[in-house]
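Me: I'd like to learn how to read a fold feature by feature. Can we start with the empty space and work outwards?

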Amino acid sequence: MDLSTRLVEQARELAPLVASEAVNTEQRGEVSRNLIDQFCSAGFPKVLVPKRYGGYELGVDTMSRIVRAIAPSCSSTAWIFAFYMGHNFMHALFPERSQEEVFGDKSFALSPGTAAPQFKMEPVADGYLVTGRSSWNSGSAAADWYISGGLTDGQDGSRQHLLFVVPAADAKVVENWDVVAMRGTASNDMVLDSVFVPEYRTVDAASVMGGSSPGSQLHSSNAMYSLPVMPLLLAEVLPIIVGAYRAVVDDYKTFVEARQGPRFTTRTPSKQLTQIKVGRGLAGADLADTMWDDYLRILTTTPPDVLREPVTRAALKARVATITDFCADGIDAVVGAAGAEAFRSKSPLQRFFRDISMLRVHAYLDVENACEQYGRLLFGLPPEAPI
């Protein structure tokens, strides 16, 4: 058994524990330290880390399949694990000295953060003083470093969007993740107050988005590090959506199979509507898995120079958003067929319903926004959102 296959199998073995903690994960607002420790002990965070730093340097498909194995157990946990793996890839795009720091102790880092330019970066000698507040820092309950974005004045007077990394000790977490869905992700705000960030811990955001970062040159022997970031990030989150669809259909089937006896006259296996919902739901879940697998095939077989073309990136984003919309509609139909019983707090159906209802309007997964950007490029217009 090769390493990639072994890691996916380990993820499947971990899934029952993730499921057993799903309710507590939501109530706590974060993934337990026990689960994170097991995630780290299995070596999952090292999947995309370069071998020169002790990582596995496996493909994006391995990462995505690990996430898919966890996703039917808990969307929040799968989201956090996906980000921890994917953000190690982003660390590998920064300058060499930054990578040596981040990967030096254990060959990986747990790094929440967002790329949006939410901070002000004031140029000073050898770096920047960074001030501001960022939202959506998924995984902030367990952090070694933060990846964030900010704006600074370029040498030509223009505003430049930079990504930067800071040690968790330099950041203040504001515990304000008060939401009704994806509650276990600890996606809290993070504050920096005149924190010094050396130049070598920064990278031009456009170079990362476009696949021409310092890391792509440092690790030029592996074309993976020349991938534009957005298609890779979408490979992180798509298996969460697809896995949730599968979980909802399986849970619904189990739910109706338990409704036997004279007190149940609706939503039982003998009812035609129930049979239709299960059959159509399973067919839809199979199709979603096929579409996810096809996305991975495109991402891993298309040359990086083609993936770097804006219209290709926009097409992939529109594809993932459309798959997300398909899965969310399928989940809505199945949960609606379960009736009010599905909304008891003990039911996983309502948790997946809430989680995917939130994710379908995520900035990267919103189908209207993604398809608009794709359409703009097809008409020769510039995009108005990240691709």
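Me: Which helices and strands each supply at least two residues of the lining of the largest pocket?
Reply: Bear in mind that this is a predicted model. The contributors are α5, β1, β2, β4, α7 (205-210), α9 and α13 (348-359), each giving at least two residues to the lining.

Me: How do I get a feel for the pocket itself?
Reply: Rolling a probe the size of a water molecule over the atoms shows where empty space is left. Here the largest pocket holds about 890 Å³ of space. Its lining counts 43 residues, and nearest the centre are Thr 114, Ala 115, His 362, Ala 363 and Tyr 364.

Me: How many cavities of 30 Å³ or more turn up in a search of the whole structure?
Reply: A cavity is a space where the probe fits but cannot get out. The search finds one of 30 Å³ or more. The largest cavity has a volume of about 50 Å³, and its lining includes Glu 30, Val 31, Tyr 84 and Thr 185, along with Gly 139 and Gly 184.

Me: Now the sheet. In what order do the strands run?
Reply: Read across the sheet rather than along the chain. The order is β5-β6-β2-β1-β3-β4-β7, seven strands in an open sheet with mixed pairing. At the edges sit β5 (172-174) and β7 (202-204), each paired on one side only. From one strand to the next, the twist averages 25 degrees.

Me: What does one pairing look like up close?
Reply: Take β1 (residues 113-124) and β2 (residues 127-137): they pair in the antiparallel sense over six bridges. For a single bridge, look at Pro 123, whose partner in β2 is Tyr 128.

Me: Which strands does helix α5 lie across?
Reply: Helix α5 (residues 75-91) lies across β1, β3 (145-153) and β4 (159-167), and runs at about 50 degrees to β3.

Me: And the nonpolar core: which residues touch the most other members?
Reply: Look for buried nonpolar residues joined through their side chains. The largest core has 99 residues, and Phe 44 and Tyr 252 touch the most other members. Helix α9 (residues 229-257) gives the most to this core, with 19 residues. There is also a second, separate core of 13 residues, including Phe 119, Met 121, Val 166 and Val 197.

Me: What is Phe 44 in contact with, leaving aside its neighbours within four places in sequence?
Reply: Phe 44 contacts Leu 7, Gln 10, Ala 11, Leu 14, Phe 39, Ile 66 and Met 85.

Key
Residues are numbered from 1 along each chain as its sequence is written. This is a predicted model: local features need pLDDT of at least 70, side-chain atom pairs count only at pLDDT 80 or more; totals for chains, interfaces and linings use all residues. Side-chain values use heavy atoms; hydrogens and water are left out. Two strands pair if DSSP finds at least two bridges between them. Helices (H or I, at least four residues) and strands (E, at least two) are DSSP runs, numbered from the N terminus. Axes are lines fitted to C-alpha atoms, for helices over the stretch in contact, and angles run from 0 to 180 degrees between N-to-C directions. Contact means heavy atoms within 4.5 Å. A nonpolar core is a set of buried Ala, Val, Leu, Ile, Met, Phe, Trp, Tyr and Cys residues joined through side-chain atoms within 4.5 Å. Buried means under 20% relative accessible area, exposed over 50%, partly exposed in between (1.4 Å probe, protein chains only). On a 1 Å grid over the protein atoms alone, a cavity is a set of points where a 1.4 Å probe fits but cannot get out, and a pocket is an open set with protein on both sides within 12 Å along at least five of seven lines; lining residues have an atom within 4 Å of a point. Grid points are joined across faces, edges and corners, and a volume is the space filled by probe spheres set on the points.
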